[in-house]
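Trainee: I would be grateful for a close look at one part of this model, with its helix packing and its individual residues described in connected form.

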Amino acid sequence: MSSNMIVMGDVPGGGPARMDLAELLATRLLVQGNSGSGKSHLLRRLLEQSARMVQQAIIDPEGDFVSLAEKFGHLVIDGAECSEMALHAAGERMRMHRASVVLNLEGLDADQQMKWAAAFLGGMFEAPRDYWYPVLVVVDEAQLFAPAAAGEVSDEARRASLGAMTNLMCRGRKRGLAGIIATQRLAKLAKNVAAEASNFLMGRTFLDIDMARAADLLGMERRQAEAFRDLARGTFVALGPALSRRPMPVRIGTVETESRSAGPVLTPFEPASAPVHDLILAPVPQAETFARPRKPPAAPPPDLLSQLAAHGEAQATALQDEQQQEEPPEDQAEREARMNAILRDMLADDETSFRAPAVLYQDFLVRCRIAGLGRNALDLKAFNRALATARSGVSEDMSTTPDWQQAEALANALPEDLQSVFLFLARAAIGRLPCPSDAEIARVYGTVSQGRARRLVEWLEDRNIIVLRADGMGRRVITVIGPGWETLPGVPQG
C-alpha cells in the first residue's frame, strides 16, 4: 500500500476502503449526510488517519473536534476569546509555523461565526508563497458558511464568509489548501462551492431535492436516488479520484477520540418519587439568575503559535498605539493618502469594480503590504467605509468641506453596502452635477444590474432619505432630504 493511502473503513462484502491522500489534496472532498448519518464520525476518522501525515485546519462551529488536541496535539483557538483581526493573523501564522489548528466557534452567534471563519480563512489564504505547504481545511456544517440563499445573518457577514469559502474551493489548490466541506443539506449549500469538489461521500438523506442532487453529483440515475434513504448510519457512497472510479458503498471505521457533544443516550425513565410541584413552580428570588456555565476550552499544546494566537489582539492594538504615537500628523495624513491612492487604483480596473467587498479587502491588504504599509493597514469596517468614499468619486477638495462631512454623517446610519450609493448621489447633489444614470449607480454598487440600481434608489426614497422626481422632459432629479442638496436633471430614463 502506498504511503499516501489512508484507510477510511471497509467495503461491505469486500476489502478495506482506502483514500489517496495526495490525490485528495489536489481534488477536494464534499461530504453530505442528514443529522445522525455519521458525517462527523467520518470527518473524525479522516482527521485521525491523516493527522501524522499532513497539516490540518478545522472550522468547528459546535466544538466537536477540540478533543483532537489531547491525542494529536492540535492547537485549539477559542473564537469567542479572539477578535476578527487576531484570527486573520492566526490563520497566516499557523501556516508559517506548520501547526494543526481547531478553530472552535462554539458560543458565537451565526453572524460572528461567519465573520470569524472568513477572517481565519483569509489569513491562511494570504500566507507568503514560501509557506504554501499542503493543508487539509475541514469545514463542518458548511451550509452555515456558504449558504445558497440569504438568511437571517447580515449581508456583510454572508458575503465575507461566502467569498472566503469560494476562494478556498476555487483557488485554494495552488496555495496548498485542500477544502473538505461537510453539510447536512446539499440544497442549502452554495452551488459554486459544492461544484469545485471532485470527491464525494454521500450518506443517508431523506429529502427528494437532496437525493436528486446527490445522485447527479455521483452520476447516478434519478431512480437510483432512493437508495440514499436506505443507507445505514456510518455508511456512505464514495466516488472520486481519491476514493473510487465508480460509486462504492463504504462503512466508516472506528475512531480513537470522542466528540464533546455526542448525541443523547436513551436511559430508563424513572418518575420522581417526591412531589415536584413545589420544586418546579417555587417562586424565583429576584436576585437569582440562571447563567449557563461555559465549558472550559481545551488546553492547547505549549508552542509558539499558541502564544501568538492568545496575544494576537493585544499585539495588534499595541502596534497601532505605537504607530499613532510615533508618527506625526503629517505622516499619518500621508499614509491615508497612499491608502486612498491604492483604493483608486483598484477601482480603476473594470473587473475589480464588480468583486465582493470581502475579496477586495484581501486584495487591498496585499497591495498595502507591497507598498510597505504593514499587514493590517485597515480593519474590515474601516476598509468598507473607505471603499464607499472612494466609489463615490469625491475629490480631495470636496472631501474636506462641511457639506461632505455632513453627507458622511448621514451615510453612517445606512447599511454598509448602501453607503457608497448614497455618497455617490450626495456628491452629485453637492456639486450640482447631472443626476447619475442607473448604469452609473449599478457600477458604484458593484453590479451590472440596472434593475437593482433602481431598487436601491427606491429604497432610499422609501426611507425618506432622498426625493426622486422628474422634470418636464422626463429627466430624473434627486434631492437629499435635510440638507436640500439637489442634482441637475440627468439623462431621460427608460
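Mentor: The account below begins with the chain as a whole, then turns to helix 5 and its partners, and ends with some single residues.

This is a predicted model, in which local features need pLDDT of at least 70 and side-chain atom pairs count only at pLDDT 80 or more, while totals for chains, interfaces and linings use all residues. Residues are numbered from 1 along each chain as its sequence is written, and side-chain values use heavy atoms, with hydrogens and water left out.

The chain has 21 helices and 13 strands; these are DSSP runs numbered from the N terminus, helices being H or I with at least four residues and strands E with at least two. Of the 494 residues in the chain, 48% are buried. Buried here means under 20% relative accessible area, exposed means over 50%, and partly exposed lies in between, with a 1.4 Å probe and protein chains only. Contact means heavy atoms within 4.5 Å. Among contacts in the chain between residues at least 6 apart in sequence, 69% join residues at least 24 apart.

The part chosen for closer study is helix 5, residues 110-125. Two packed helices are described by the angle between their axes and the distance between the axes. Axes are lines fitted to C-alpha atoms, for helices over the stretch in contact, and angles run from 0 to 180 degrees between N-to-C directions. Helix 4, residues 84-96, and helix 5 have axes that come within 6 Å and cross at roughly 35 degrees. This crossing is right-handed. A crossing is right-handed if the near helix is turned clockwise from the far one by less than a right angle, and left-handed if anticlockwise. On the helix 4 side the contact is made by E84, L87, H88, A90, G91, E92, M94 and R95, which meet K115, W116, A119, F120, G122, G123 and M124 in helix 5. By class, the contact of helix 4 with helix 5 has seven nonpolar, four polar and four charged residues. For this purpose Ala, Val, Leu, Ile, Met, Phe, Trp, Tyr, Cys and Pro count as nonpolar, Asp, Glu, Lys and Arg as charged, and the others, Gly among them, as polar.

Helix 5 also packs with helix 7, residues 155-171, at an angle of about 35 degrees and with the axes 8 Å apart. The crossing of helix 5 and helix 7 is left-handed. From helix 5, D111, M114, K115, A118, L121 and F125 take part, and they meet E156, A157, R158, A160, S161, A164, M165, N167 and R171 in helix 7. The residues of this contact divide into eight nonpolar, two polar and five charged. A110, which also lies in helix 5, counts as partly exposed at 44% relative accessibility. A110 and V153 are 43 residues apart in sequence, yet their C-alpha atoms are 6.8 Å apart in space.

Within helix 7 stands T166, which is buried at a relative accessible area of 19%. The side chain of T166 reaches the backbone oxygen of L162 at 2.7 Å. Not counting residues up to four places away in sequence, T166 touches R171, N192 and V193.

After helix 4, the loop leading to strand 6 (101-104) holds R98. Phi of R98 is near 55 degrees, a positive value in a residue other than glycine. Most residues other than glycine have a negative phi. R98 counts as partly exposed, with 48% relative accessibility.

Q56 has its place in strand 4, residues 55-60, and is buried with a relative accessible area of 0%. The side chain of Q56 makes polar contacts with the side chain of S50 at 3.0 Å and with the side chain of H74 at 2.8 Å. A polar contact is a pair of N or O atoms within 3.5 Å; within protein, one must be able to donate a hydrogen and the other to accept it, and residues adjacent in sequence count only if both atoms are side-chain atoms. Leaving aside neighbours within four places in sequence, the residues in contact with Q56 include M94, A99 and S100.

Finally, a search of the whole structure finds zero disulfides, a disulfide being a pair of cysteine sulfur atoms within 2.5 Å. C82 is buried at 14% relative accessible area, whereas C170 is partly exposed at 37%.
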